[in-house]
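Here are a few short exercises to work through with the model open beside you. Try each one before you read the solution.

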Amino acid sequence: MDATTTHENDDDEDDINPVTMILPDDQNDNDAKRFSTVQQPQQHYVRSIDSTVVIRQLPSQGLSFQLWPAATTLVTLLDHHRCDPSDSPLSSTLLDQRRSLNILELGSGTGLVGIAAAATLGANVTVTDLPHVITNLQFNAEANAAVLAANGGTVHVAPLRWGEADDVNLIGRDFDLILASDVVYHDHLYEPLLETLRLLLLVDCEAQSQSQTEKKETETVFVMAHLKRWKKDSVFFKKARKLFHVEVLHVDRPSQGSRVGIVVYRFARKPQSLNSALANVSLT
């Protein structure tokens, strides 16, 4: 299914308030301040590894310290893939399981997705977010050290500001897969996010390390879980399709009381003949 067929283009729908999608249904704006003072540790049972991932939320610190809805969709898909790869929406993306995958997560927030990916795939995962989020990310990674070790996964924590080439250069580009959930929600972040994806997926990195003599067998792809909140979300996808081939891997049914479900997209390079032009394309 192509991204153009999904509901990010349904401009006749009313905007959805992202805050009300994060806070419990029985909260309203008057209760938000009281709610935000409570620390909320959460346990997430992952059936495929028979283990529980524990995540500390710090709502008083802001939205980056809370668990957003699309994160749980990615965790569920990773869990399902570990149980039955042949019936997984991620099977076409996670082709090479003969070695440990190197995975980068953008806008990790609490780190649940990255930690779950490391545990279910036995992967080496780098979770990233803005510098002020790093301390809590590190706390959650360390809180799940035993689960990670038991399943052959590792989690590294690093700051990454979208749109900053220096940050990308520090982290590197040697990743098989990039993950993100609920990262398209403020229009002023569209351009920085797309620039980071361009740097990670399209810029030829051979010159960055002349010691690398073997070319990667597969191209890095970006898998993103997204819950539509605004009509203007469609602007992000229109810009993204200038750079990438975008397809839909999975669609959740809407939760009770919602009109839209979470969609999981796969972003990949367009044909090789277009790479040079796309690496310098203007998104405006």
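**Exercise 1: a strand and its two faces**

Work out which residues of β7 are buried on each side.

Solution. Keep in mind that this is a predicted model. Start with one face of β7: Val221, Val223 and Ala225 are buried there. Now flip to the other face, where Phe222, Met224 and His226 are buried too. Put the two together and you have 6 of 6 residues buried in the strand, which spans 221-226.

**Exercise 2: the strand's partners**

Find the strands that pair with β7, and say in which sense each one runs.

Solution. Take β6 (residues 177-181) to begin with: β6 and β7 are parallel, with 5 bridges between them. A handy marker here is Ile178, which sits opposite Phe222 of β7. Next comes β9 (residues 263-269), which is antiparallel to β7 and joined to it by 5 bridges. For this pairing, look at His226, whose bridge partner in β9 is Val263.

**Exercise 3: a helix, enclosed or not**

Decide whether α9 is largely enclosed, using a cut-off of under 20% relative accessible area for buried.

Solution. Go along α9 (residues 233-243) and list what is buried: Asp233, Ser234, Phe236, Phe237, Lys239, Ala240, Arg241 and Leu243. That makes 8 of 11 residues, so the helix is largely enclosed by the rest of the structure.

**Exercise 4: where to be careful**

Pick out stretches with pLDDT below 50.

Solution. Get the overall picture: the mean pLDDT is 83, and 75% of residues reach 70 or more. Residues 23-37 fall below 50, with 13 contacts in the model beyond near neighbours in sequence. Residues 205-214 also stay under 50, and the model gives them 4 contacts beyond four places in sequence.

Key: Residues numbered from 1 in each chain as written. Predicted model: local features only at pLDDT ≥ 70, side-chain atom pairs only at ≥ 80, totals over all residues. Heavy atoms only, no water. Buried < 20%, exposed > 50% of the residue type's maximum accessible area, 1.4 Å probe, protein only. Helix = DSSP H or I, 4+ residues; strand = E, 2+ residues; numbered from the N terminus. Pairing = 2+ DSSP bridges. pLDDT = per-residue confidence, 0-100. Contact = heavy atoms within 4.5 Å.
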